[in-house]
Amino acid sequence: MAQRHSTTPMSDWINLFGPVVIILILVLLGFWAQSRQKRNEVLEQWIALGKCGPAESFLGTLDIAEHRPGLIRLAKSSQKTKWLQFQYRWLTGLSEQATWDEVLFDGSRGAIELKRKEKVTSFPFSKFSAIRMREISQGEAGSLWHMEFLAVEGKNVLFATSARGNRRVGFENSAGLALAISAITSLPVHVVMAGNVWTPGWPPKTL
């Protein structure tokens, strides 16, 4: 004769509300980390003073295909950039994705041109108020940096994401590209640090 498994009010409560509680905790942790993100004025001054690597040191979802005075062209031209775009979009889900095939910053026309497959989208520099480097934490795997334009009105434009790695090295490599784009667009660079990353002695407190 089969035994009947009795349940208690507590186990019934866990079965009913347990998944909801777990989801709520994850959402609250996400909001907590987001609320701790803030701009770092010292690192912004570092970039303004050129205390970063050259633009060509950037490693991420796009390569620097062309760089000359007044113009930078980024392109998805290597297996590494293609893999990073695939990884970030389909495997790790890092919120909004930078999935452009090519991005052009043209100082002579005062415009940014973004290409995906055969579709080209163009915006004047005047549509934006700043270039933002936003750190995304990846725990022990290191950090990565979203590179985006902040729109005066409407939606921001994410144009590239760095490779994941050492927090400071990733910043310095990405900052070089941000500084070069700033020189073309005349837009300031904002640096937003992740609130759930702690690195001894870095970022710096003063210049």
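Two strands are taken to pair where DSSP finds at least two bridges between them. On this criterion, the pairing of β4 with β5 is examined at the level of individual residues, and glutamate 102 has lysine 115 in β5 as its bridge partner. The model in which this pairing occurs is a predicted one. Strand β4 comprises residues 102-106, and five bridges join this strand to β5 in an antiparallel arrangement.

The chain as a whole contains four helices and ten strands. Along the sequence, these elements succeed one another in the pattern α-β-α-β-β-α-β-β-β-β-β-β-α-β. Of the 207 residues in the chain, 43% are buried. The accessible surface amounts to about 12100 Å², and carbon and sulfur atoms account for 58% of that surface. Where contacts are formed between residues at least 6 apart in sequence, 61% of these contacts join residues at least 24 apart.

Five of the strands are assembled into an open sheet with the order β2-β3-β4-β5-β6, in which the pairing is antiparallel. Its edges are formed by β2 (63-68) and β6, each of which pairs on one side only. From one strand to the next, the twist averages 10°. In general, the strands of a sheet pair through backbone hydrogen bonds, in either a parallel or an antiparallel manner.

Strands β5 and β6 run antiparallel and are joined by six bridges. Within this pair, leucine 114 stands opposite threonine 121 of β6. The two strands form a hairpin with two residues between them. Lysine 117 is located in this loop, which connects β5 (111-116) to β6 (119-124). Although lysine 117 is not a glycine, its phi is positive, at about 55°. The side of the hairpin at which this residue sits was also considered in terms of solvent accessibility: lysine 117 has a relative accessibility of 67% and therefore counts as exposed, the threshold being over 50%.Helix α4 (167-185) precedes the loop that leads to β10 (189-193). At 1.5 Å a residue, the 19 residues of α4 should span 27 Å, and the end C-alpha atoms are 26 Å apart, which agrees with that expectation. The helix is mostly covered, with 14 of its 19 residues buried. At the start of α4, a side-chain oxygen of asparagine 166 comes to within 3.0 Å of the backbone nitrogen of arginine 168. With respect to the sheet, α4 lies across β2, β3 (71-75) and β4, and runs at about 135° to β3. In an α-helix there are 3.6 residues a turn, so residues three or four places apart point the same way.

Just after α4, serine 186 adopts a positive phi of about 65°. This residue, which is not a glycine, lies in the loop between α4 and β10. Serine 186 has a relative accessibility of 64% and so counts as exposed. A positive phi is thus found at lysine 117, in the hairpin of β5 and β6, and at serine 186, just after α4.

Terms used: Residues numbered from 1 in each chain as written. Predicted model: local features only at pLDDT ≥ 70, side-chain atom pairs only at ≥ 80, totals over all residues. Heavy atoms only, no water. Buried < 20%, exposed > 50% of the residue type's maximum accessible area, 1.4 Å probe, protein only. Contact = heavy atoms within 4.5 Å. Areas by Shrake-Rupley, 256 points an atom, 1.4 Å probe, with all protein chains shown as cover. Expected span 1.5 Å × (residues − 1). Polar contact = N/O pair within 3.5 Å; in protein donor to acceptor, adjacent residues only side chain to side chain. Axes fitted to C-alpha atoms, helices over the stretch in contact; angles between N-to-C directions.
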